[in-house]
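Student: Hey, can you walk me through this structure? I'd like to know how the pieces fit together.

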Amino acid sequence: MSKGVLLIGYGSDKPYNHDALISNADKLRKSGFNTYIAFIGAEEPTIRSSMKLMSEDGVDEVVVIPFMMSSGEMTFSYIPRQLGLDDDRYKDYNVKGMIIHYVRPVGESPDIVNIIEKHVRSVTDIDNNTGIMLITHGSQMKYSAQMAQRNVDELTKRGYKNVFTAFLDHNEPSIGDCARFLMGIGIDKIIAVPLIISTGSHVDRNIPRYLGLPENTRCGTSILFGNEIDVYITGAIGVDDEFSDLLESIIEESITKS
């Protein structure tokens, strides 16, 4: 069988998600994976056009990975429909003779905590007065919050203290409320890790602003709620050099299980 990989990301008129997806696709190709890409929304190629191209190229088995941090409406409705699947579950399908391994979004891999831990340790020393804030978009569905909490729990199991979630939208606590809580328990240094697939306005502008720093600033001493606190903001998870290694492990596991 001729095997392929399809990475599906959000389309946008901004380059950030596009660039992160393209970069990871290129790394997979260099590692020998026959990799295609598709976008939801404003960019080309579409899912259907990429599936058509794979069929024309003779691909008859493909691992489809949503290049996203968590499940949601797109992964349960839009993507399955565009792939021609008869269900919304993450499993194997046969669509017109092509075997499709439809897997969970890359952000839901249990191994992503290794990248998160790497980011936590990359910016400053950690002591008992350090708080770790895992920041995600939030959603009206439960999956973004569940993804964040799983990683909080895993970091706690690994011995990290004062690890909490914060959300940009939809869910609670907000970034400001989480910072207020951390300062209330004696934290004097916050490490903020954006559980976000790519750099963009959230990482460059919103998160620094909510933590009292100027836009496009990753570290500094901030004044929050009338008190000083040191703030360190890591890069987005999806642009990490090891992200393609995580994708490789997902691909290999999916094909092996089949």
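Tutor: Sure, we'll go through the sheets, the helices on them, some odd spots in the backbone, the aromatic pairs and a pocket. Keep in mind that this is a predicted model.

Student: Okay, sheets. What's the strand order in the one that has β1 in it?

Tutor: That one is an open sheet of five strands, ordered β2-β1-β3-β5-β4, and the pairing is mixed.

Student: Which strands stand at its edges, and what does that mean for them?

Tutor: Those are β2 (35–40) and β4 (92–95). Each has a single partner strand, so one side of each has no neighbour in the sheet.

Student: And how much are neighbouring strands turned against each other there?

Tutor: By 25° on average, ignoring direction.

Student: How do β1 and β2 run, parallel or antiparallel?

Tutor: They run parallel, and six bridges join β1 (residues 3–10) to β2. To find one on screen, look at tyrosine 10: its bridge partner in β2 is isoleucine 40.

Student: What holds strands together like that, in general?

Tutor: Strands of a sheet pair through backbone hydrogen bonds, in either a parallel or an antiparallel way.

Student: Got it. Which strands does α1 touch?

Tutor: α1 packs on this sheet and touches β1 and β2, with its direction at about 165° to that of β2. Then there's α3, which lies across β1, β2, β3 (61–66), β4 and β5 (98–102) and runs at about 170° to β5.

Student: Now the sheet with β7 in it. What's the order there?

Tutor: It goes β7-β6-β8-β10-β9, an open sheet of five strands with mixed pairing. The edges are β7 (163–167) and β9 (219–224); each of them has a single partner strand, so one side of each is left without a neighbour in the sheet. Neighbouring strands in this sheet are turned by 30° against each other on average, direction ignored.

Student: How do β9 and β10 pair?

Tutor: They're antiparallel, over six bridges, and β10 covers residues 227–233. Cysteine 219 sits opposite tyrosine 232 in β10, and isoleucine 223 is opposite glutamate 228.

Student: How many residues are between β9 and β10 in the hairpin?

Tutor: Two, and phenylalanine 225 in that turn has a positive phi of about 55°.

Student: Where else is there a positive phi, outside glycine?

Tutor: Lysine 96 has one, about 55°, although it isn't a glycine. You'll find lysine 96 in the loop between β4 and β5.

Student: Back to that sheet for a sec. Which strands does α5 touch?

Tutor: α5 (residues 143–157) touches β6 (130–136) and β7, and its direction makes about 160° with that of β7. α6 (residues 175–184) lies across β6, β7, β8 (189–194), β9 and β10, at about 155° to β7.

Student: New topic: where are the cis peptide bonds you've got?

Tutor: One joins glutamate 44 and proline 45, with omega about 0°. Proline 45 is in the loop between β2 and α2 (47–56). Another goes from glutamate 172 to proline 173, with omega near 5°, and proline 173 is in the loop between β7 and α6.

Student: How many aromatic pairs are there?

Tutor: A search of the whole structure finds five. One of them is phenylalanine 76 with tyrosine 90: the ring centres are 5.8 Å apart and the planes are at 45°, so the pair is tilted. Phenylalanine 76 is in helix α3 and tyrosine 90 in the loop between α3 and β4, 14 residues apart.

Student: What about tyrosine 90 and tyrosine 102?

Tutor: That pair is tilted too, with 5.3 Å between the centres and 50° between the planes. Tyrosine 102 is in strand β5 and tyrosine 90 in the α3–β4 loop, so the pair ties together parts twelve residues apart in sequence.

Student: Last one: what's the volume of the largest pocket, and what lines it?

Tutor: The volume is about 660 Å³. The lining has 30 residues, with Tyr10, His137, Ile196, Ile197 and His202 nearest the centre. The elements giving two or more residues are α1 (16–30), α3 (73–83) and α7 (201–210).

Student: Which of them gives the most?

Tutor: α7, with four residues. By type, the lining divides into eleven nonpolar, 16 polar and three charged residues.

Definitions and conventions. Residues are numbered from 1 along each chain as its sequence is written. This is a predicted model: local features need pLDDT of at least 70, side-chain atom pairs count only at pLDDT 80 or more; totals for chains, interfaces and linings use all residues. Side-chain values use heavy atoms; hydrogens and water are left out. On a 1 Å grid over the protein atoms alone, a cavity is a set of points where a 1.4 Å probe fits but cannot get out, and a pocket is an open set with protein on both sides within 12 Å along at least five of seven lines; lining residues have an atom within 4 Å of a point. Grid points are joined across faces, edges and corners, and a volume is the space filled by probe spheres set on the points. Ala, Val, Leu, Ile, Met, Phe, Trp, Tyr, Cys and Pro count as nonpolar, Asp, Glu, Lys and Arg as charged, and the others, Gly among them, as polar. Two strands pair if DSSP finds at least two bridges between them. Axes are lines fitted to C-alpha atoms, for helices over the stretch in contact, and angles run from 0 to 180 degrees between N-to-C directions. Contact means heavy atoms within 4.5 Å. Rings of Phe, Tyr and Trp (its six-membered ring) pair if their centres lie within 6.5 Å; planes under 30 degrees apart count as stacked, over 60 as edge-to-face and the rest as tilted.
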